[in-house]
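Subject: Structure for your review

Dear colleague,

Please find below the structure we discussed, with its sequence. My notes on what was found in it follow directly after.

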Number of protein chains: 2
Amino acid sequence: MDLKTYMEEISKKAKDASFSLRGLSADVKNTALLKIAERLESERERIKKANRIDFERGEKKGLSRAFLDRLLLNDKRIDGMINSVKEIAGFEDPVGEVVGVKRPQGFVLEKVRVPIGVIAVIFESRPNVTIDAAALCLKSGNAVVLRGGSDAIESGKVLTGVIRSGLKDAGIDSDVVQYVERTEHEGIDWLVKQDRYIDLVIPRGGERLIKRVVEEATIPVIKHYKGVCHLFVDSSADIDMALNIVENAKMQRPAVCNALETLLVHRDVAEKFLPLVRQRLKGVELRGCERTTEIIPGIKSATEDDYYAEFLDLILAVRVVDSLDEAVSHIEKYGSHHTDGIISESVASIEKFVNSVDSAVVTVNASTRLSDGGVFGLGAEIGISTDKLHARGPMGLRELTTYKWVVRGKGDLRIL
Amino acid sequence: MDLKTYMEEISKKAKDASFSLRGLSADVKNTALLKIAERLESERERIKKANRIDFERGEKKGLSRAFLDRLLLNDKRIDGMINSVKEIAGFEDPVGEVVGVKRPQGFVLEKVRVPIGVIAVIFESRPNVTIDAAALCLKSGNAVVLRGGSDAIESGKVLTGVIRSGLKDAGIDSDVVQYVERTEHEGIDWLVKQDRYIDLVIPRGGERLIKRVVEEATIPVIKHYKGVCHLFVDSSADIDMALNIVENAKMQRPAVCNALETLLVHRDVAEKFLPLVRQRLKGVELRGCERTTEIIPGIKSATEDDYYAEFLDLILAVRVVDSLDEAVSHIEKYGSHHTDGIISESVASIEKFVNSVDSAVVTVNASTRLSDGGVFGLGAEIGISTDKLHARGPMGLRELTTYKWVVRGKGDLRIL
């Protein structure tokens with residue numbers, strides 16, 4: 001079968017099956033999730049075996065250590081997937097919630113939360129995303145087409161098999177979860193053109209993947225793009241607080257998207273603050289602007305590319321700025337509109353920063369690491385949207401739904 | 001200047017100017033709207049003169065009566081534009097509203113409504129859309145790039161000049177409103193690729209325009225596509241109510257998107273109901289399925305195309321169906337997910353229909369004509385979204401905004 005037809009067929013299968021999810025009670029969906037958790041437990045050895053194949057192939061191919069680490073499924077990570085599915089079963093069902101009721105002109109007008117329909121999730125090497133994305137889509141009443149990284153294909157296939165068995169155990173049409181088994185890159189181009197069947201594409205990944213999806217798609221896209229997160233240390237900042245926050249934002253878990261990548265320091269505190277940063281952030285490679293390297297000699301000079309970079313590592317770009325306006329301009333130019341913050345004791349500076357920075361999450365005297373669906377109390381998150389439409393920042397179950405207007409009349413007509 | 005550069009330049013101008021709108025108070029924005037209303041009044045003759053040029057060109061070109069009618073600006077319509085702008089000034093400012101506040105873990109988490117940024121509105125012949133779209137974008141704090149129909153170019157240019165003068169009168173950077181003066185069709189392709197500068201594209205128009213935008217765009221799109229609206233008259237329907245609703249939905253204003261286009265009738269009431277429809281809908285051309293033409297002889301047979309058609313005229317497609325399921329399948333296949341309704345006295349049928357029909361607005365015992373931002377109490381509307389993401393159905397001022405998360409801490413860190 002040619003690639004285009006293959007993508008059409010699995011997308012159509014998902015669409016056809018999606019109708020069966022619409023009226024499903026929370027109980028049935030939760031039962032299915034618990035069945036999936038059971039199957040993950042009973043199929044543990046088969047999952048590890050399939051993952052071993054991916055892992056060894058990856059090693060032979062010379063994939064990086066970091067990549068191989070993301071690819072690996074061990075018992076601890078399988079436990080994590082099981083817990084995640086159980087946790088999703090415990091969250092409130094977002095579907096059917098009446099968001100608003102009005103009586104604008106006699107008739108009853110309801111705004112009701114409903115599933116989006118079919119969601120395509122395109123992701124990279126982490127096999128656990130297969131489980132998380134399927135579970136979140138199921139809970140929110142959506143069918144899903146999963147397109148995982150080609151290096152995780154064996155793991156992805158087995159995990160999808162496990163999910164589909166769990167769905168069957170609960171009496172749900174297993175076609176509501178589709179996994180793209182054809183890993184050619186051009187397949188993505190066809191997948192994101194299935195606008196008759198797919199309602200939303202969520203690409204999670206780097207610049208190349210996102211760009212490709214955005215250029216090819218005829219379906220709405222919510223990008224989960226990189227996090228080039230900034231902190232601006234204002235002239236009025238509490239220096240101790242600033243040190244704690246910068247350390248936490250950079251070092252607590254450097255490989256994730258809400259970790260700090262660039263530190264902007266007001267010139268009035270730079271001479272005092274930067275040497276303390278150098279002391280506190282042990283093991284972090286600093287790459288500074290000219291003024292930074294004057295204050296803390298011996299560190300690397302930052303290149304233009306460093307300011308655009310999502311290091312996901314113990315590397316921090318540093319720049320001294322003359323003003324809050326310069327900090328805002330830097331963030332506008334180099335940032336990814338993910339999470340950016342200010343550390344300041346000045347109400348005027350704080351409000352100016354909050355109003356001027358056009359990012360999904362703006363932090364004030366807090367770590368960028370707090371930008372997270374779990375921390376925000378949204379429940380499980382499918383990721384962090386760097387787009388502005390539909391969902392911005394952490395995307396939980398509610399953000400995987402849309403709404404429908406229901407007009408309930410008694411023969412109501414339009415007069416004017 | 002080549003077309004690509006032209007589109008880049010006006011988009012960049014809009015983006016640069018958009019920052020100045022962010023912190024603007026409701027008062028300043030409302031003053032600007034009232035100044036625009038004043039300018040529309042004082043420039044009335046110049047507007048009519050420019051419109052006369054478009055109109056005469058259109059006549060020579062042989063444009064249809066209906067098209068020319070939509071193009072025409074007379075005193076009454078200019079009054080309408082003035083009133084519309086004044087009305088928008090009177091609506092509540094959506095920007096800055098705190099949609100939610102939580103304290104998930106000690107810090108304060110706010111979800112705040114903010115402008116989207118820059119919106120491109122692509123529309124067809126009605127010149128008043130120039131004013132409405134600019135006024136709604138201004139009120140919601142967005143810069144706008146307007147791309148009107150090429151046959152309304154003179155009217156569009158003069159109206160934009162009027163808007164920009166009004167903005168200047170109020171001390172606002174007039175670059176927040178841009179009008180595309182280059183009317184080549186390929187310009188649209190370049191416009192919808194300005195993802196560095198434009199945040200959202202709203203195309204309002206027919207199939208060809210929408211398809212082109214969706215295929216070319218790298219920016220999120222909210223389609224305002226056609227309204228192929230259905231009413232299903234169930235076997236339990238109150239026949240008098242059904243007649244009143246069908247008449248109102250088809251005849252009260254046939255040229256608009258929420259007017260009825262296809263009537264589906266349950267076979268058990270078809271013999272009784274259809275002859276009454278024939279009597280009541282005087283002047284309406286019926287196009288029926290085989291069973292319909294047996295019951296009311298002498299009417300035209302409906303073609304496959306008729307079921308897909310948005311007639312916008314006194315024409316109604318009619319089909320007899322065996323069941324509610326068949327009605328739902330028909331709507332799924334031929335409809336545009338705009339507004340579809342049921343007329344029924346059976347609670348079970350009503351709930352099944354409401355849950356199964358995947359349209360922006362579902363009506364129960366009410367006219368499809370009620371599907372309207374004004375009727376729903378949303379204030380002025382920029383149109384009716386037939387998409388599922390971000391905004392569905394009538395789109396008012398709030399739907400022209402997004403939100404931002406603000407984390408306000410006192411040195412809060414992430415521990416786990």
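In chain B of this predicted model, four strands form an open sheet with parallel pairing, in the order β5-β4-β3-β6. Its edges are β5 (177-179) and β6 (200-203) of chain B; each has a single partner strand, so one side of each is left without a neighbour in the sheet. Direction ignored, neighbouring strands here are turned by 15° against each other on average. Strand β4(B), residues 143-147, pairs with β5(B) in the parallel sense over three bridges, and B:L146 has B:Y179 in β5(B) as its bridge partner.

Two helices of chain B should be mentioned with this sheet. Helix α1(B), residues 3-22, packs on the sheet and touches β3 (118-122), β4 and β5 of chain B. The direction of α1(B) makes about 150° with that of β4(B). Helix α7(B), residues 153-169, lies across β4 and β5 of chain B and runs at about 165° to β5(B).

A further helix pair in chain B consists of α5(B), residues 75-90, and α6(B), residues 128-139, whose axes come within 10 Å and cross at roughly 5°. As angles under 35 degrees count as roughly parallel, α5(B) and α6(B) are therefore roughly parallel to each other. On the side of α5(B), the contact is made by B:R77, B:G80, B:M81, B:S84, B:V85 and B:I88; α6(B) contributes B:N128, B:I131, B:D132, B:A135, B:L136 and B:K139. By class, this contact of α5(B) with α6(B) has six nonpolar, three polar and three charged residues.

A second sheet takes strands from both chains. It is open and has ten strands with mixed pairing, in the order β1(A)-β2(A)-β16(A)-β13(B)-β12(B)-β7(B)-β8(B)-β11(B)-β9(B)-β10(B). At its edges stand β1 of chain A and β10 (300-301) of chain B, each with a single partner strand, so one side of each is left without a neighbour in the sheet. The chains join in this sheet where β16(A) and β13(B), residues 361-366, pair in the parallel sense over five bridges; there A:W405 stands opposite B:V361 in β13(B). Towards the chain B edge, β9(B), residues 285-288, and β10(B) also pair in the parallel sense, over two bridges, with B:R287 opposite B:K300 in β10(B).

The contact between the chains takes 54 residues from chain A and 54 residues from chain B. The elements of chain A that give two or more residues to the side touching chain B are β1 (98-105), β2 (107-115), α9 (207-216), α10 (239-251), α15 (347-356), β13 (361-366) and β16 (401-412). Of these, β16(A) gives the most, with eleven residues. By class, the side of chain A that touches chain B has 24 nonpolar, 17 polar and 13 charged residues.

How are the two chains related? A turn of 180° and a shift of 0.0 Å along the axis lay chain A on chain B with an RMSD of 0.0 Å, which is the relation of a two-fold axis. The same surface serves both copies, as 100% of the contact residues of chain A recur in chain B. Of the residues of chain A, A:H390 comes closest to the rotation axis, at 1.8 Å (C-alpha).

Finally, the domain assignment of chain A gives domain 1 (3-225 + 387-407) and domain 2 (229-370). The centres of these two domains of chain A, taken over C-alpha atoms, are separated by 34 Å.

With kind regards

Terms used. Residues are numbered from 1 along each chain as its sequence is written. Chains are lettered from A and ligands numbered from 1 in the order in which they are written. This is a predicted model: local features need pLDDT of at least 70, side-chain atom pairs count only at pLDDT 80 or more; totals for chains, interfaces and linings use all residues. Two residues are in contact if their C-beta atoms, placed from the backbone, lie within 7 Å. Ala, Val, Leu, Ile, Met, Phe, Trp, Tyr, Cys and Pro count as nonpolar, Asp, Glu, Lys and Arg as charged, and the others, Gly among them, as polar. Two strands pair if DSSP finds at least two bridges between them. Copies are superposed by least squares on the C-alpha atoms of residues with pLDDT of at least 70 in both. Axes are lines fitted to C-alpha atoms, for helices over the stretch in contact, and angles run from 0 to 180 degrees between N-to-C directions. Angles under 35 degrees count as roughly parallel, over 145 as roughly antiparallel, 65 to 115 as roughly perpendicular and the rest as oblique. Domain bounds come from an automatic or database domain assignment.
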